[in-house]
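Reader: I should be grateful for a close look at the charged side chains in this structure. Please explain which of them are paired, which are not, and what surrounds them.

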Amino acid sequence: MPGSTDQTLRPFCWRAARMFADREIVSRTHAGIERYDYATYDNRTAQLANALEKAGIERGDRVATVCWNHHRHFETYFGVPGTGAQLHTINPLLPDEHLQYIVANADDRLLFVDPSLAEKLAGAASDDPGSFESVERFVVMGEADSVPDVDLDPLTDYESFVGEHSTDYDWPRLPGEQPAGMCYTSGTTGKPKGVEYTQEMLWAHAMATMTPQGLDIDADDVVMPVVPMFHVNAWGMPFTTTAAGAKHVYPGPSPDPADLADLIEEEEVTLTAGVPTVWIGLLEHIEEEEVDLSSLERIVIGGSAAPESMIRRFDDLGVEVMHAWGMTEMSPIGSVSHLKPEMEDWDAERRYEKRAKQGLMVPGLEFNVIDDAGEKVPWDGEEFGELWIRGPWVTTEYYERPEANEEDFEDGWLKTGDIVTIDSDGYMEIVDRTKDVIKSGGEWISSVELENALMAHNDVAEATVIGVPHERWQERPVAFVVPGANADRENLGEEVLDMIEAEYPKWWRPDDVVYIDEVPKTATGKFDKKVLREEYDDESIVEGEAPEEAAPGTD
Ligand code: AMP
């Protein structure tokens with residue numbers, strides 16, 4: 001027998017507004033710090049729902065956002081899917097041709113945009129008006145005076161759009177399979193692929209990630225997602241935080257480390273989340289400025305590997321890092337690197353080794369690791385293969401992309417493209433992406449491991465490693481290093497190479513170290529190796545000769 005209702009998002013908001021009515025939602029906006037409580041939030045989502053209805057938005061229609069993290073964007077998180085429409089969050093940092101493709105592919109009918117992003121959007125729209133044909137109205141996220149002079153038509157401001165409407169709305173009872181969200185993932189090649197999230201996927205993700213084995217969110221938390229709300233629902237945190245009845249803090253447009261530090265201090269943030277790059281910035285900031293981080297208990301770091309050195313650094317500051325792994329296709333959380341109770345007594349080195357892994361799957365997920373021959377690899381922490389995963393919040397297809405579906409899904413499993421090991425305790429470690437592993441003389445070299453080793457050096461701010469074509473060994477690793485402020489640039493290259501040689505097989509030693517000012521990043525803050533590959537697609541950068549032992553067996 002089914003339950004009396006399906007698994008949908010609305011009850012989270014219903015409960016928070018009644019049982020935690022005075023908990024705050026705080027947001028740094030173009031107009032400064034704004035704050036209100038859950039009761040007000042609930043009323044405003046109802047006003048938004050009424051406004052959408054008046055604008056002719058119906059169940060199944062897509063409503064897009066091109067916005068940073070703030071309270072109005074959060075209102076769309078419950079307001080849009082609550083009506084049965086689908087919230088499509090768009091990454092504003094994408095190149096124009098991707099924005100154009102995404103809006104046309106999703107057939108968005110209404111589009112919310114931040115004042116500071118309206119010009120970029122207008123540029124993309126005027127460059128290819130056909131791709132924005134489905135959009136019937138643009139709404140700027142602010143008051144009437146925030147509407148910029150840009151060529152988007154018709155253009156309204158959010159407060160006028162919702163303001164005149166009733167705070168009563170008759171929320172429909174929705175089926176669990178109703179599409180509620182959508183996000184595009186930018187693969188390494190080809191056009192972005194759309195992933196749809198149903199009501200029940202987002203519900204299940206929120207329930208699982210709220211637990212201590214997930215992101216461990218409770219009513220006494222003050223949660224600040226720095227991960228953008230356009231990147232897989234800010235890792236689901238706006239939903240989870242509401243489900244828990246906790247306080248929300250949204251850091252607004254392009255927050256810098258000082259903004260984040262101020263918000264942590266002033267709003268007494270207990271839990272925050274974002275990609276490693278954000279935390280490199282915060283750590284640098286607190287070295288120079290006096291900052292009170294005493295309220296901060298935990299940081300979720302994911303999207304890219306959290307270097308062990310970063311986990312240690314935050315431990316020294318009394319902040320626990322929860323290293324998490326996930327994907328757009330998975331709503332997004334898959335694993336979190338919590339220690340098992342019996343590991344708390346281990347010595348520090350062993351504990352850090354475990355915590356730097358991507359960790360244990362959140363309850364509800366199942367996975368296999370499949371090698372090149374299509375066989376399951378043993379859980380020995382050594383042998384690796386591609387991670388295949390399935391679960392209630394893992395998608396089974398891309399939106400209108402049959403050729404990609406063929407490649408990335410099999411028998412109901414998502415083929416993640418991540419190359420991993422699983423150790424005997426069940427902890428997953430990502431050793432590479434299928435497309436990033438380096439093959440030298442027929443043997444794998446993990447670019448991720450080399451990167452982590454390089455970044456553990458005190459004078460290396462950031463580092464990435466790519467494979468460049470090589471006549472004899474097919475590919476050889478080359479390291480790109482951003483030297484730290486006090487680095488001895490003359491000797492740093494040799495130093496890091498010696499360090500790697502001491503720790504890894506000789507043939508893992510990169511053939512060259514190239515200094516760069518910064519590692520290029522994708523629109524979601526991940527290292528963009530594609531750019532480096534294009535820029536350095538030239539064997540001349542391999543100044544050093546590959547060692548004779550550039551493959552195993554010759555060592
Ligand atoms: P996206 O869909 O843009 O969120 O990217 C998902 C991909 O990011 C995964 O398949 C991984 O390759 C990578 N990723 C996410 N979290 C981590 C992590 N903690 N460590 C290493 N790679 C990660």
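Author: The protein chain has a mean pLDDT of 92, pLDDT being the predictor's confidence in each residue on a scale from 0 to 100, and 96% of the residues reach 70 or more. This is a predicted model, in which local features need pLDDT of at least 70 and side-chain atom pairs count only at pLDDT 80 or more, while totals for chains, interfaces and linings use all residues. Residues are numbered from 1 along each chain as its sequence is written, and side-chain values use heavy atoms, with hydrogens and water left out. Two stretches call for caution: pLDDT stays under 50 over residues 539–545, where the model has 13 contacts beyond four places in sequence, and also over residues 550–555, where there are 17 such contacts. Here a contact means heavy atoms within 4.5 Å.

Side chains of opposite charge can pair when their charged atoms come close. A salt bridge is a side-chain nitrogen of Lys or Arg within 4 Å of a carboxyl oxygen of Asp or Glu. By this rule the model contains 38 salt bridges. One of them joins the side chains of Arg-28 and Asp-259, with N and O 3.2 Å apart. Because Arg-28 lies in strand E1 and Asp-259 in helix H10, this pair ties together parts that are 231 residues apart in sequence. Helices (H or I, at least four residues) and strands (E, at least two) are DSSP runs, numbered from the N terminus. Asp-259 has a relative accessibility of 18% and therefore counts as buried; the term means under 20% relative accessible area, with exposed over 50% and partly exposed in between (1.4 Å probe, protein chains only).

The surroundings of Asp-259 can be followed along its helix. Helix H10 spans residues 257–267, and its buried residues are Asp-259, Leu-260, Ala-261, Leu-263, Ile-264 and Glu-267. These buried residues pack against strands E1 (24–29), E2 (32–37), E10 (222–225) and E11 (247–250), as well as helix H11 (276–288). After H10 comes Glu-268, which has a positive phi, near 55°.

A second pair is Arg-72 with Glu-159, whose closest N and O atoms are 2.7 Å apart in a salt bridge. This pair too links distant parts of the chain, for Arg-72 belongs to helix H3 (residues 71–82) and Glu-159 to helix H6 (residues 158–163), 87 residues apart. Both partners, Arg-72 and Glu-159, are buried.

In a third salt bridge, the side chains of Glu-403 and Arg-401 meet at 2.9 Å, N to O. Glu-403 is partly exposed, with 46% relative accessible area, whereas Arg-401 is buried at 12%. Salt bridges may also share partners: Arg-44, Arg-72, Glu-75, Glu-143 and Glu-159 are joined in this way into one network.

Turning to unpaired charges, Lys and Arg count as positive and Asp and Glu as negative, while His and the chain ends are not counted. Glu-386, in strand E18 (residues 385–390), is buried but has no salt bridge, the nearest side chain of opposite charge being Lys-415 at 5.7 Å. A polar atom of the Glu-386 side chain does lie 2.7 Å from the backbone nitrogen of Gly-417. Such a polar contact is a pair of N or O atoms within 3.5 Å; within protein, one must be able to donate a hydrogen and the other to accept it, and residues adjacent in sequence count only if both atoms are side-chain atoms. Beyond four places in sequence, Glu-386 is in contact with residues including Asn-368, Ile-370, Lys-415, Gly-417, Asp-418 and Thr-434.

Asp-528 is likewise buried without a salt bridge, and its nearest side chain of opposite charge, Lys-530, is 4.7 Å away. Asp-528 sits in the loop between strand E26 (512–515) and helix H17 (529–535). Apart from residues up to four places away in sequence, it touches Pro-520, Lys-521 and Thr-522.

Asp-418, named above as a contact of Glu-386, leads to the ligand. The ligand is surrounded by 17 residues, the closest being Ala-324, Thr-328, Gln-358, Asp-418 and Arg-433; a residue is included if one of its heavy atoms lies within 4 Å. An N or O atom in the side chain of Asp-418 is 2.6 Å from an oxygen atom of the ligand. Nitrogen atoms of the ligand also have partners: the side chain of Gln-358 places an N or O atom 2.9 Å from one, and a backbone N or O atom of Ala-305 lies 3.1 Å from a ligand nitrogen.
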